[in-house]
Every structure is written in structure tokens, then in C-alpha cells.
Amino acid sequence: MGALSKSLLLFALNWLDAQLTLLWVHLNVATEGNALMARLLEHSPLSFLSIKLAIGAGASYILYRCASYPIAKRGMTFVLAIYTVLMFVHALTGCVALGLNLPLL
């Protein structure tokens, strides 16, 4: 997967994370774990979404532009791994929200 594809994937995962966070908070299933972002969310969902997407876009762009540097390559791999785990957390949150009982792993 090329640098552009990884950067677009990172931004897409950031956007999905933001949307799912708004959904879970709206349904009173979960809260925002980041204190700064929680304050923005208390202010307004639009503030939260705008800042979250701006940060995600900035990070994606910087990692794309610096893709030739080893540290940026490792950084991109690390951030994508974190977002992959976060998507599993969102999926589990969705299962709880829907009342599905999952067996313990």
C-alpha cells in the first residue's frame, strides 16, 4: 500500500472514529476518552467534529509528505495500528449498545 493510500485510510479512520464517537455519546452508550476533545464535544458536536477532522487531516498530510523518512513510515504504521484497535473498541461498543452478549475471549 502506498503512502497516499495509507494517508487516505488514516483520514477515513479518523472520520469514522469521530462519527462513531458522536453516535455513542448521543446514545449515552459511551463518553469521549480524551479530556480536551470531551470539552469540545460539550461545547458542540460541530466544534468536536471540526477540530477532530482538522487534526486528522493535518496528521495524514504530514505523514504523507514525509513518507520517505523512516520515522514517518513507522509513525504511519503505529497510528494505523492504533486506529485498527480503536475500530474494534467501537465495534464492541456497538454490540453493547445493541444489547448483544459476546462471549469473553
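**Exercise 1. Classify S47 and place it in the chain.**

Step 1. S47 has a relative accessible area of 18%. The cut-off for buried is under 20%, so S47 counts as buried. This value, like the others here, comes from a predicted model.

Step 2. Locate the residue. S47 belongs to helix α3.

Step 3. Look for a polar partner. The side chains of S47 and S44 are joined by a polar contact of 2.9 Å.

**Exercise 2. Describe the fold of the chain in outline.**

Step 1. Count the elements. The chain holds 4 helices and 0 strands. In sequence order the pattern reads α-α-α-α.

Step 2. Give the dimensions. The C-alpha trace spans about 45 × 35 × 20 Å along its principal axes.

Step 3. Gauge the burial. Of the 105 residues in the chain, 30% are buried.

Step 4. Consider contacts with a separation of 6 or more. Residues 24 or more positions apart account for 68% of them.

**Exercise 3. Test the lengths of α1 and α3 against the expected rise.**

Step 1. Take α3, residues 45-65. This helix has 21 residues, and at 1.5 Å a residue these should span 30 Å. The expected span uses one less than the number of residues.

Step 2. Compare. The end C-alpha atoms of α3 are 30 Å apart, so the span agrees with the expected one.

Step 3. Repeat for α1. This helix has 24 residues and reaches 35 Å from its first C-alpha to its last. The expected value is 34 Å, which is close.

Step 4. Look just past the end of α1. There N28 takes a positive phi of about 60°.

**Exercise 4. Find the buried residues of α1 and α3, and say what they pack against.**

Step 1. List α1. Its buried residues are S7, L10, L13, N14, D17, A18, L20, T21, L22 and W24.

Step 2. Name the partners of α1. The buried residues of this helix pack against α2, α3 and α4.

Step 3. List α3. Here S47, F48, L49, K52, L53, G56, S60 and L63 are buried.

Step 4. Name the cover of α3. The elements over its buried residues include α1, α2 (35-43) and α4.

Step 5. Contrast I55. This residue also sits in helix α3, but I55 is exposed, with a relative accessible area of 53%. The C-alpha atoms of I55 and F11 are 9.4 Å apart, although 44 residues separate the two along the chain.

**Exercise 5. Work out the surroundings of S7.**

Step 1. Place the residue. S7 is in helix α1.

Step 2. Check its burial. S7 has 5% relative accessibility, so it counts as buried.

Step 3. List the contacts beyond four places in sequence. S7 touches S60, L63, Y64 and M76.

Step 4. Find the polar pairing. A polar atom of the S7 side chain lies 3.2 Å from the backbone oxygen of S60.

**Exercise 6. Identify the largest nonpolar core and its main contributor.**

Step 1. Start from the general rule. In soluble globular proteins, nonpolar side chains tend to be buried together.

Step 2. List the members. The largest nonpolar core has 8 residues: L10, L13, L63, A72, M76, L80, Y83 and M87.

Step 3. Assign them to elements. Those giving two or more residues to this core are α1 (3-26) and α4 (70-97). The most come from α4, with 5 residues.

Step 4. Follow one member. Beyond four places in sequence, Y83 is in contact with L10, L13, N14, D17 and K52.

Step 5. Look for a second core. Apart from the largest lies another core of 7 residues, including L22, L41, F48 and L53.

**Exercise 7. Characterise the largest pocket.**

Step 1. State the volume. The largest pocket has about 290 Å³.

Step 2. Describe the lining. It comprises 16 residues, of which D17, T21, E32, G33 and L86 lie nearest the pocket centre.

Step 3. Assign elements. Those giving two or more residues to the lining are α1, α3 and α4.

**Exercise 8. Relate V29 to the far end of the sequence.**

Step 1. Place the residue. V29 is in the loop between α1 and α2.

Step 2. Classify it. V29 has a relative accessible area of 32%, so it is partly exposed.

Step 3. Compare sequence and space. V29 and A97 are 68 residues apart in sequence, yet their C-alpha atoms are 6.1 Å apart.

Step 4. List the contacts beyond four places. V29 touches W24, T93 and A97.

Terms used
Residues are numbered from 1 along each chain as its sequence is written. This is a predicted model: local features need pLDDT of at least 70, side-chain atom pairs count only at pLDDT 80 or more; totals for chains, interfaces and linings use all residues. Side-chain values use heavy atoms; hydrogens and water are left out. A nonpolar core is a set of buried Ala, Val, Leu, Ile, Met, Phe, Trp, Tyr and Cys residues joined through side-chain atoms within 4.5 Å. Buried means under 20% relative accessible area, exposed over 50%, partly exposed in between (1.4 Å probe, protein chains only). Contact means heavy atoms within 4.5 Å. A polar contact is a pair of N or O atoms within 3.5 Å; within protein, one must be able to donate a hydrogen and the other to accept it, and residues adjacent in sequence count only if both atoms are side-chain atoms. On a 1 Å grid over the protein atoms alone, a cavity is a set of points where a 1.4 Å probe fits but cannot get out, and a pocket is an open set with protein on both sides within 12 Å along at least five of seven lines; lining residues have an atom within 4 Å of a point. Grid points are joined across faces, edges and corners, and a volume is the space filled by probe spheres set on the points.
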